[in-house]
Amino acid sequence: MVEFPQQAQVIIVGGGIVGCSIAYHLTLRGYRDVVLLERKQLTSGTTWHAAGLVGQLRATHNLTRLAQYTTQLYASLERDSGQATGFLQIGSLALANNEERFEELKRGASMARCFGLDVNVLTPQQALDLWPLMNVSDLVGAVHLPKDGQTNPIDTTQALAKAARNGGARIFENVAVTQILVEQGRASGVRTTHGDMRAEFVVNAAGMWAHGLGAAAGTTVPLHAAEHFYIVTEAIPGLPKHLPVLRDGDACSYFKEDAGKLLVGWFEPVAKPWGMMGIPESFSFDQLPDDLEHIEPLLEAAIHRVPALGQAGIQLFFNGPESFTPDDRYLLGETPEVRNLFVAAGFNSIGIQSAGGAGKVLADWIVDGHPPMDLWDVDIRRAMPFQRNRTYLKDRTVEALGLLYAMHWPFRQPETARGVRRSALHDRLKASGACFGEVAGWERPNWYAPKGVAAEYRYSFGRQNWFEHSAAEHRAVRNNVGLFDQSSFGKYTVEGGDAEIVLNRVCANDVSVPVGQIVYTQWLNARGCIEADLTVTREAEERFLVVTAAATQTRDLAWLRRHMPQDARAVAVDVTSAYAVLGIMGPKSRDLLSRLTDADLSNEAFPFATSRMIDLGYARVRASRITYVGELGWELYVPTEFAQGVFDVIAAEGPAVGLCLAGYHAMNSLRTEKAYRHWGHDITDEDTPLEAGLGFAIAWEKAGGFIGRDALLRQRERGLKRRLVNVALSDPGKLLYHNEPIWRDGVLVGRITSGMFGHTIGKPLGMGYIENAQGFATVAFVKEGRYEIEVAGERIPADVQLRPFYDPANLRVKDTPQKALRVARIG
């Protein structure tokens, strides 16, 4: 070993393929003082036994971009590093033995076209031509990605390590990191078996050990190991060389040809968690005990697909651990708890195909101080503090491993580790037929089953079993009044003498408003893109209430706190658990609430965007006249201990005005008709308010400006290349979800960001960005095109417009009195 340094600019903990990729990409960005520390030897954790599959099509646009970059990197890495990698671009073949699986594959093929991937939808015979040894008697189709590949994990890691060293990075093996050092909320270095080392940045890329190492530093890194099984056969006569990687999702199986043998592995629906008491320090290039009984039914399914397996000898039966996260997406980025401490871990058995892209964007994040693209799907800030709980992780991992090859149904809900966070109304809603979904651990009613109907999902890509029940809830909100349990909102108070100054710098809109006024606003980054989409209510001269989505509770609070000057006389406190929230929405909401309170709820006394304390039942509640469904309504913020009593008095009075309990599926269809944006889908940290049609929420001239103003001014002067539009399909039998290609005059111009059936409009609706590659996305460009949306390979004519399809003038929201209230409809 060369002399062990006492400091470095960046310390990377973990010498798997991801850690080595980060080191390499940091050197490409000009960082030379990079040290990678590996407790044993490079690849000795999980990298060494990976199957080495390199696929490109992932669930979202940017994850696919990262996987594409990985493929491009591996294709040139051997040349650039001088180290052989074993990379072969042999393609992949995904099989469908039923129509639902085939629709999933075809939807994926359509999505691939958005990303510029080569993709072919095949008949069973065409698939057989590519993979002659398989049984296609029960297949209905397949999808072929010719640019997918495979690589040797150890050789590829060594190539990345060599390239990193060539760039100036130093790599030390047999040096265990025992602690990440933190000073004043920032990572300051590590403690190792060879002494302390100081650093400006620390990266936790410790694989299976990342959970414990992160927890000791006060951070949440939710991952858990599971046993992963594969076999390697003896040589199979007649097995062609360089066959595409074969994936049979319904058999939970993948097949990879390697030197005349087959490697066959599985992602079974009921997995075996491992390492519940922590990962042994001695673990290095180790295998776990065989479990023939566990894989026997899996092997039978694999033999059905490739009958030659039945006569092949098994050279190796392998069982090794892999790390899985609660939502099957890896963990990347700067931790919300500790500044300059980054995480790259929990790769859910796709570490090889993710390592190149993950290493690049994390290096960019460290160097530039922000992610280079929207990484919300894998952002560590999506993790909730409770998710470091080992029992929770163990129970969820039973399901997580199998989700890689399970059907990726729309609206699919996890089945394990449920009931973590429940609102005070949970039992009452359950008794009323609620079918719950999960977001950030919260149990939330997605729809309500009528009496005699089971409150459970039956999934499909078409109209699922809850469609008509949710439609009834939707119509009740449009015509009468509905009650939503919105307790899962993230809620923070910002209080102090400088609270207004702090928030006005962070908010694009102006929060210097009278007490009792609600402000809808975005939080922007320096590039003018949207970091958060929320409301701010002025509760008092020096106190504000910030309300955001459940999924971004951790992320948004971290963003706010990191943009509060250290000397500011203000404090932000998470009060999410302090209040239940009941949304009373619909044209009869005033009628209902007026029966229960002596407060004047008239337009004159209580206009839109007003918030006041009122008496309701035996409680004092904050009533905020705001909506996410496009109707007259109030959100009631009720101290948690009063929530059940308030709900009971509302429910008792409700029948007089036709009150209906409504779930989040109805909320989604209602907000889609009204074109209300959803952060994480329709707006992200790659989209500006001008592109998203949210310019009305920008206070351009407020004193002191706001973060991102200069970038927005430049964009306003330059013009827009892309715009968010509203889409309605002509065929009511097709449904939109996300990432469906948008074609304008036969040219691919964008993709759907979110979709839902609009029950008032009577058509499938969506939102999506369209781009003018030849100029600016002007209003005329939007209006003059002829549009089609590609759904599972079929192009469907569509209407596209900038205004909402429902009530574009906001007459319903503002309860504008007139004899004939006109609602904009299509056709």
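This is a guided tour of selected sites in the structure, arranged as a series of selections to make in the viewer. The model is predicted, and residues are numbered from 1 along the chain as its sequence is written.

**Aromatic pairs**

Begin by showing the side chains of Phe, Tyr and Trp, among which the count comes to 27 aromatic pairs. Select Y330 and F347, which form a stacked pair with 4.5 Å from centre to centre and 20° between the planes. This pair links distant parts of the chain, since Y330 belongs to the loop between β17 (314-324) and β18 (331-334), while F347 belongs to the loop between β19 (341-345) and α8 (351-368), 17 residues apart. If you switch on a surface, note that Y330 counts as buried because its relative accessible area is 4%, and that F347 is likewise buried, with a relative accessible area of 8%.

Next select F606 and W634, whose rings meet edge-to-face, with 5.8 Å between the centres and 85° between the planes. Here too the pair joins distant parts of the chain: F606 is in the loop between α14 (589-594) and β30 (611-616), W634 is in strand β32 (residues 633-639), and the two are 28 residues apart. F606 is buried at a relative accessible area of 1%, and W634 is buried as well, at 0% relative accessibility.

For a group of rings, select W409, W447, Y457, Y459 and F461 together, which ring pairs link into a cluster.

**Charges over rings**

Now turn to two arginines. Select R444 with Y664, and you will find R444 lying over the face of the tyrosine, at 3.7 Å from the ring centre. Then select R463 with F757, where the charged end of R463 sits over the ring of F757 at 4.8 Å from its centre.

**The largest cavity**

Keep F757 selected, because this residue also belongs to the lining of the largest cavity, where F411, W466, L735, M756 and F757 lie nearest the centre among 13 lining residues. A search of the whole structure finds one cavity of 30 Å³ or more, and the volume of the largest cavity is about 110 Å³. If you colour the lining by class, eight residues are nonpolar, four are polar and one is charged.

**The second largest pocket and helix α13**

Move on to the second largest pocket, which holds about 520 Å³ of space. This pocket is lined by 19 residues, and those closest to its centre are P336, E337, A558, R561 and R562. By class, the lining comprises eight nonpolar, five polar and six charged residues.

Which helix gives the most to the lining of this pocket? Select helix α13 (residues 553-562), which supplies six of the lining residues. The helix is mostly covered, with eight of its 10 residues buried, namely Q553, T554, R555, D556, L557, A558, W559 and L560. A558 is therefore a useful residue to label, since it is under the 20% limit for buried residues and is also one of those closest to the centre of the pocket.

**Helix α8**

Return to helix α8 and select I366, which is buried at 3% relative accessibility. Add E334 to the selection, and the two C-alpha atoms are found 8.5 Å apart, although the residues are separated by 32 positions along the chain.

**A buried asparagine in β34**

Select N726, whose place is in strand β34 (residues 722-729). Is its side chain in a buried or an exposed residue? N726 counts as buried, at 4% relative accessibility. Show the backbone of L802 and R803 as well, because the side chain of N726 reaches the backbone oxygen of L802 at 3.0 Å and the backbone oxygen of R803 at 3.0 Å.

**Two positive phi angles**

Finish with two loop residues. N739, in the loop between β34 and β35 (741-744), has a positive phi of about 70° although it is not a glycine, and this asparagine is buried, with a relative accessible area of 7%. A259, in the loop between β14 (253-258) and β15 (261-266), also has a positive phi, near 55°, in a residue other than glycine. A259, however, counts as exposed, at 62% relative accessibility.

Technical notes
Predicted model: local features only at pLDDT ≥ 70, side-chain atom pairs only at ≥ 80, totals over all residues. Heavy atoms only, no water. Phe/Tyr/Trp six-rings, centres within 6.5 Å; stacked < 30°, edge-to-face > 60°. Helix = DSSP H or I, 4+ residues; strand = E, 2+ residues; numbered from the N terminus. Buried < 20%, exposed > 50% of the residue type's maximum accessible area, 1.4 Å probe, protein only. Lys NZ or Arg CZ within 6 Å of the ring centre and 35° of its normal. 1 Å grid on protein atoms, 1.4 Å probe; cavity = no way out; pocket = protein on both sides within 12 Å on 5 of 7 lines; lining within 4 Å. Points joined across faces, edges and corners; volume = space filled by probe spheres on them. Nonpolar A, V, L, I, M, F, W, Y, C, P; charged D, E, K, R; others polar. Polar contact = N/O pair within 3.5 Å; in protein donor to acceptor, adjacent residues only side chain to side chain.
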